[in-house]
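Hi,

Here is the structure I promised to pass on. Have a look at it first, then read my notes below.

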Amino acid sequence: MDVSSIDVSSIDVPSVEAIRANRVRLGDRVITTPIRRLVDDALERVVGASTEVWLKEELFQRTGSFKPRGALSVMLDLDAAALARGVTGVSAGNHAISLGYSARQLGTTATVVMPRTANPFRIQVCRELGATVELVDNVHDAFARVREIEASEGRTFVHPYEGPKTALGTASVGLEFIDQLREHGLALDAVIVAAGGGGLTGGVACAVKQMSPATAVYVVEPEGADTLRRSFDAGSPQSIDAVRTIADSLGAPRCEPYSYALNRLFVDDVVLVSDDQIRDAMRLLFRSAKLAVEPAGAAALAALAHPMRERLRGKRVGLVVCGANIDIETFTRQITQMPAVPAA
């Protein structure tokens, strides 16, 4: 994709200079997560010996996922009165955790609304960080409840993935990745990053494409939460009626206009993976990289190992390992569950 031909006048696209300045503003409230080249026989058997794999290990970010980058980028712009009233948000876990962390960092409070199906471990972490947690039946109800909180308590709604400030924060993942590879004298042929609502993918793609136009950016979604793929196919933001995937961190009910536009401008393609393929990737990351990740954190490798394997054979590929907020029992259950054998 030639970014020089992209018309960015219709939306607020973060420049590389703005992304870099915002990263400085975030300071040590977030860390520059490590990268590493993953070299392992088991990995080679899956993706091919000629494919070079680099991990951006965002699971080591504060709170265990990339989410504080966006939440803090929004909250640092709140005035004193708004900050005093606190924030609210909707999340299956990672964004809620990041709001608790960010509120504590900035000396305020957070009330988060989560579906009852959220992992109990994530609910516990939210509460340990000082957030007030409300549980509702599903993510659609969660958005309705958070609007009530916003209206009645005056809290600022920090969206889990939508908006220019969120993208400005998430773009720092891509900025760091390109900078870190350049320190090795290298450039990536492709980056794969998982999408929930598209806030991370839009930000990463925006940074990568402006810094390294020849690098392809691919987004991966679970088959059971394919809002961005549907949106790309329809040419406009789309919704899904329910989330049906083990990768609950990627379970956005709808694609929002800004995130859709940013992804449409900078992303080369959106591919889908099954839950079984995600489990395979969780097992492979555990074996090859010694990383115990949540399903969302394995989605990028699942895409490389399955739908993108031949397309990226022989390429230097960067994978964003986006998070690892999972308890031992759930992780064990997922990696030990094998695909059902089809009936004869």
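**Salt bridges and a pocket**

A search of the whole structure, which is a predicted model, turns up 27 salt bridges. If you're new to these: side chains of opposite charge can pair when their charged atoms come close.

Start with Arg69 and Glu58, whose closest N and O atoms are 2.6 Å apart. Arg69 sits in helix H3 (residues 68-75) and Glu58 in the loop between strand E2 (52-57) and H3, so this pair ties together parts that are 11 residues apart in sequence. Arg69 and Glu58 are both buried.

Next, try Glu150 and Arg147, which form a salt bridge at 3.0 Å, N to O. They are three residues apart in helix H7, so about one helical turn separates them. Glu150 is partly exposed, with 26% relative accessibility, and Arg147 is partly exposed too, at 42%.

Then there's Glu310 with Arg309, a salt bridge at 3.7 Å, N to O. Glu310 has 53% relative accessibility, so it counts as exposed, while Arg309, at 24%, counts as partly exposed. Elsewhere, salt bridges with shared partners link Arg23, Lys56, Glu58, Arg69 and Glu176 into one network.

Now for the pocket. The largest one has a volume of about 800 Å³. Its lining is made up of 50 residues, and Ala92, Asp248, Ser249, Leu250 and Gly251 are the ones nearest its centre. Among the elements that give two or more residues to this lining are helix H5 (94-105) and helix H7 (139-153). What kinds of residues line the largest pocket? They divide into 23 nonpolar, 20 polar and seven charged.

Cheers

Conventions:
Residues are numbered from 1 along each chain as its sequence is written. This is a predicted model: local features need pLDDT of at least 70, side-chain atom pairs count only at pLDDT 80 or more; totals for chains, interfaces and linings use all residues. Side-chain values use heavy atoms; hydrogens and water are left out. On a 1 Å grid over the protein atoms alone, a cavity is a set of points where a 1.4 Å probe fits but cannot get out, and a pocket is an open set with protein on both sides within 12 Å along at least five of seven lines; lining residues have an atom within 4 Å of a point. Grid points are joined across faces, edges and corners, and a volume is the space filled by probe spheres set on the points. Helices (H or I, at least four residues) and strands (E, at least two) are DSSP runs, numbered from the N terminus. Ala, Val, Leu, Ile, Met, Phe, Trp, Tyr, Cys and Pro count as nonpolar, Asp, Glu, Lys and Arg as charged, and the others, Gly among them, as polar. A salt bridge is a side-chain nitrogen of Lys or Arg within 4 Å of a carboxyl oxygen of Asp or Glu. Buried means under 20% relative accessible area, exposed over 50%, partly exposed in between (1.4 Å probe, protein chains only).
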